[in-house]
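User: Please take one close look at the part of this model around its internal cavity, and follow the charged pairs and buried residues from there. A careful, connected account would suit me best.

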Amino acid sequence: VQLQASGGGLVQAGGFLRLSCAASGRTFSRDAMGWFRQAPGKEREFVAAISGSGVVTYYADSVKGRFTISRDNAKNTVYLQMNSLKPEDTAVYYCAATLRYNSYYTARTLIREYDVWGQGTQVTVSS
């Protein structure tokens, strides 16, 4: 299984970006997917997660109301729509998949629950 993240870039505060994560090598409709981020000098942190069905979603408090996670299982792709971006959102964003569980109706928020990681995409928000 491979994950390919894309869509990062440089944007002004208040702007928006949409990240995509394309999965290959497996039909992942039963796999929970998540987005995490890591800023310079900080630990990787949870951003958003979605169940295999797409019905259940979780968000970090810092992005709730601004970010939306979604998925298109027909395209094996997960998205992260990021609106009202702030300079503190600047980080490398990683998508991840959890393969160990049947997560059709479960979204997962812990790093240790994820088995496969994408390469990361840089998001920079200028003030």
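Analyst:
**The cavity lining and what surrounds it**

Thr27 counts as exposed, with a relative accessibility of 63%, where exposed means over 50% relative accessible area, buried under 20% and partly exposed in between, with a 1.4 Å probe and protein chains only. The model is a predicted one, in which local features need pLDDT of at least 70 and side-chain atom pairs count only at pLDDT 80 or more, whereas totals for chains, interfaces and linings use all residues. Residues are numbered from 1 along each chain as its sequence is written, and side-chain values use heavy atoms, with hydrogens and water left out.

Thr27 sits in the loop between strand S3 (17-24) and S4, strands being DSSP runs of E with at least two residues, numbered from the N terminus. Its C-alpha atom is separated by 8.1 Å from that of Asn73, although the two residues are 46 apart along the chain.

On either side of Thr27 in the numbering, Arg26 and Phe28 belong to the lining of the largest cavity, together with Val1, Leu3, Ala23, Asp31, Ala97 and Leu99. A cavity here is a set of points on a 1 Å grid over the protein atoms alone where a 1.4 Å probe fits but cannot get out, and lining residues have an atom within 4 Å of a point. The structure holds one cavity of 30 Å³ or more, and the largest cavity has a volume of about 30 Å³, taken as the space filled by probe spheres set on the points, which are joined across faces, edges and corners. Its lining divides into six nonpolar residues, no polar ones and two charged ones, with Ala, Val, Leu, Ile, Met, Phe, Trp, Tyr, Cys and Pro counted as nonpolar, Asp, Glu, Lys and Arg as charged, and the others, Gly among them, as polar.

Two lining residues, Arg26 and Asp31, form a salt bridge in which the closest N and O atoms are 2.7 Å apart; the term requires a side-chain nitrogen of Lys or Arg within 4 Å of a carboxyl oxygen of Asp or Glu. In general, side chains of opposite charge can pair when their charged atoms come close. The partners differ in accessibility: Arg26 is partly exposed because its relative accessibility is 33%, while Asp31 is buried at 1%.

Asp31 leads on to Thr98, which touches Asp31 as well as Ala32, Ser103, Arg108, Glu113, Tyr114 and Asp115, leaving out residues up to four places away in sequence; contact means heavy atoms within 4.5 Å. Thr98 lies in strand S9 (residues 91-98) and is buried, its relative accessible area being 0%. A polar atom of the Thr98 side chain lies 2.6 Å from the backbone oxygen of Glu113.

Glu113 is itself paired with Arg108 in a salt bridge whose closest N and O atoms are 3.3 Å apart. Both partners are buried, Glu113 at 15% and Arg108 at 13% relative accessible area. Elsewhere, Arg37, Glu45, Arg66 and Asp89 are joined into one network by salt bridges that share partners. Within that set, the side chains of Asp89 and Arg37 meet at 2.9 Å, N to O. This pair links distant parts of the chain, 52 residues apart, with Asp89 in the loop between strand S8 (77-82) and S9 and Arg37 in strand S4 (residues 32-38). Asp89 counts as buried because its relative accessibility is 0%, and Arg37 is likewise buried at 6%. A search of the whole structure finds seven salt bridges.

Arg37 is also among the residues in contact with Val47, a list that includes Trp35, Phe36, Tyr58, Tyr59, Ala60 and Leu80, with neighbours within four places in sequence left aside. Val47 lies in strand S5 (residues 45-50) and is buried at 0% relative accessibility. Its C-alpha atom and that of Ala60, 13 residues apart along the chain, are separated by 5.1 Å.

Two loop residues on either side of S8 complete the account. Asn76, in the loop between strand S7 (67-72) and S8, has a phi near 55 degrees, a positive value in a residue other than glycine, and is buried at 15%. Ser84, in the loop between S8 and S9, also has a positive phi, near 50 degrees, but counts as partly exposed at 41% relative accessibility.

Note on methods. On a 1 Å grid over the protein atoms alone, a cavity is a set of points where a 1.4 Å probe fits but cannot get out, and a pocket is an open set with protein on both sides within 12 Å along at least five of seven lines; lining residues have an atom within 4 Å of a point. Helices (H or I, at least four residues) and strands (E, at least two) are DSSP runs, numbered from the N terminus. A polar contact is a pair of N or O atoms within 3.5 Å; within protein, one must be able to donate a hydrogen and the other to accept it, and residues adjacent in sequence count only if both atoms are side-chain atoms.
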